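Biologist: Please take one part of this model, the cysteine pairing, and go through it closely. I would also like to know what surrounds it.

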Amino acid sequence: MRPEFGPYSLLGPVTRHRCKKAGMVASLAVVLAAGVISPAAAAARSVTDYARSEATPSGGDKCKQPAHHKPRAAEAAAKDQCKGPTGPKGATGPTGPKGATGATGATGATGATGATGATGATGATGATGSTGSTGSTGAAGPCIDLDAAQDSADFELRAALFNTRAFAGVRGLMGTTPQPFLWTDLSTHPNYPMGGVDSQGAPVGFACAIGVNAHPQNAAAPIKFDIITTLGQVWETTCVEQNTQPNATLNCDNAQGLPQPWVRVNLQPAALATNSGTAVTPS
């Protein structure tokens with residue numbers, strides 16, 4: 001008895017018959033492949049075997065179930081020898097799509113703040129930079145001044161300074177009708193200190209205050225007008241009063257008819273001086 005078709009096979013008569021035919025076909029294919037018999041002989045043998053299998057009574061069928069057989073459940077685990085050979089493994093299927101990204105986890109707790117680092121040492125003080133160059137002289141400040149003198153019954157004098165310019169004024173007192181003041185611009189005379197430098201290249205500053213001095217005892221004596229600059233220098237020029245009619249006038253020209261120049265007085269004021277001062281170079 002063949003093991004694959006034992007007395008308790010679960011296959012019925014029809015099924016067993018088909019298995020036998022499948023076994024014969026498979027055996028024939030193996031023999032042909034090995035080259036043991038020719039195709040014609042194999043075909044004849046197959047027909048003969050088929051006829052025998054058809055003529056053989058069912059009692060001789062190795063796959064026939066006996067009248068008394070074990071329950072099918074007991075034989076369910078037996079391996080069916082009538083199965084054909086296992087087919088080749090199929091191709092691997094395509095990779096499935098990437099799954100959705102999971103939700104972001106909760107943020108962890110903030111760690112404790114670290115200790116403050118030690119303060120570094122103070123760096124050394126840098127060297128003092130060089131002194132910058134002297135800036136240019138600024139514009140004149142709001143210097144305004146006025147002076148007056150009257151040492152004669154015939155006229156009176158005024159000295160006025162504003163907008164860095166110096167003026168000499170005179171008014172006659174003769175007669176019963178008041179006469180007007182007549183002014184002469186002394187800042188038009190040579191060497192007038194209006195910023196810049198003198199002939200020696202020294203700064204002179206701007207005129208900032210003015211004074212007047214007259215000598216009534218001496219007829220036609222020079223009347224002196226003095227100014228002091230923003231740098232503390234004292235300068236002066238002279239004029240002569242003229243009892244002209246109908247108004248008194250001043251003549252501030254020299255013998256050649258040219259305006260009297262401004263001259264820096266000698267000596268100049270100096271700090272802590274007592275009957276002394278600072279010598280100057282003639283301008």
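**Disulfides and the strands around them**

Modeller: The structure holds two disulfides. The model is a predicted one. With the bonded cysteines numbered in sequence order, the pairing reads 1-2, 3-4. A disulfide is a covalent bond between the sulfur atoms of two cysteines.

For orientation, the protein contains three helices and nine strands. Along the sequence the pattern is α-α-α-β-β-β-β-β-β-β-β-β. Of its 283 residues, 22% are buried.

The pair Cys143 and Cys208 has its sulfur atoms 1.8 Å apart. The angle about this S-S bond is -70°, and the link is left-handed. Distant parts of the chain are joined here: Cys143 sits in the loop between α3 (72–75) and β1, Cys208 belongs to strand β5 (residues 207–213), and the two are 65 residues apart. The two ends of this link fall into separate classes of burial. Cys143 has a relative accessible area of 11% and therefore counts as buried, since the cut-off for that class is under 20%. Cys208, at 24%, is partly exposed, because a value between 20% and 50% falls in that class.

The loop that holds Cys143 leads to β1, and β1 belongs to a sheet that can be described in full. Four strands form this open sheet in the order β1-β2-β3-β4, with antiparallel pairing. Its edge strands are β1 and β4 (182–185), each of which pairs on one side only. Neighbouring strands in the sheet are turned by 20° against each other on average, with direction ignored.

At the β1 edge, strand β1 (residues 145–149) and strand β2 (residues 155–162) run antiparallel and are joined by five bridges. Two positions fix the register: Ala148 has Arg158 as its bridge partner in β2, while Ala149 stands opposite Leu157. A hairpin of five residues carries the chain from β1 to β2.

The other link is that of Cys239 and Cys252, with sulfur atoms 1.9 Å apart. It is right-handed, with 100° about the S-S bond. Cys239 lies in strand β7 (residues 234–242) and Cys252 in the loop between β8 (249–251) and β9 (263–264), so this bond ties together parts that are 13 residues apart in sequence. Both Cys239 and Cys252 are buried.

Strand β7, which carries Cys239, has pairings with β6, β8 and β9. Strands of a sheet pair through backbone hydrogen bonds, either parallel or antiparallel.

Take β6 to begin with. Strand β6 (residues 223–229) runs antiparallel to β7 and is joined to it by six bridges. In this pairing Ile223 stands opposite Cys239 itself. The two strands form a hairpin with four residues between them, and Gly232 in the turn has a positive phi of about 85°.

Next comes β8, which runs antiparallel to β7 with three bridges between them. Here Glu241 stands opposite Leu250. This hairpin has six residues between its strands. Cys252 is in the loop after β8 (249–251), so the disulfide reaches back to β7 from there.

The pairing of β7 with β9 is also antiparallel and covers two bridges. Its register is given by Trp235, whose bridge partner in β9 is Arg264.

The β7–β8 hairpin also bears on the internal voids. Three cavities of 30 Å³ or more are counted in the model. The largest of them has a volume of about 50 Å³. Its lining includes Asn243, Thr244, Gln245, Pro246, Asn247 and Ala248, which follow in number the end of β7 at residue 242 and precede β8 at 249. Asp154, Gly172, Leu173, Met174 and Gln179 also line this cavity. By class, the lining has four nonpolar, six polar and one charged residues.

To put the two links side by side: the Cys143–Cys208 link is left-handed and has one buried end, Cys143, and one partly exposed end, Cys208. The Cys239–Cys252 link is right-handed, and both of its cysteines are buried.

Definitions and conventions: Residues numbered from 1 in each chain as written. Predicted model: local features only at pLDDT ≥ 70, side-chain atom pairs only at ≥ 80, totals over all residues. Heavy atoms only, no water. Pairing = 2+ DSSP bridges. 1 Å grid on protein atoms, 1.4 Å probe; cavity = no way out; pocket = protein on both sides within 12 Å on 5 of 7 lines; lining within 4 Å. Points joined across faces, edges and corners; volume = space filled by probe spheres on them. Nonpolar A, V, L, I, M, F, W, Y, C, P; charged D, E, K, R; others polar. Axes fitted to C-alpha atoms, helices over the stretch in contact; angles between N-to-C directions. Disulfide = S-S within 2.5 Å. Buried < 20%, exposed > 50% of the residue type's maximum accessible area, 1.4 Å probe, protein only.
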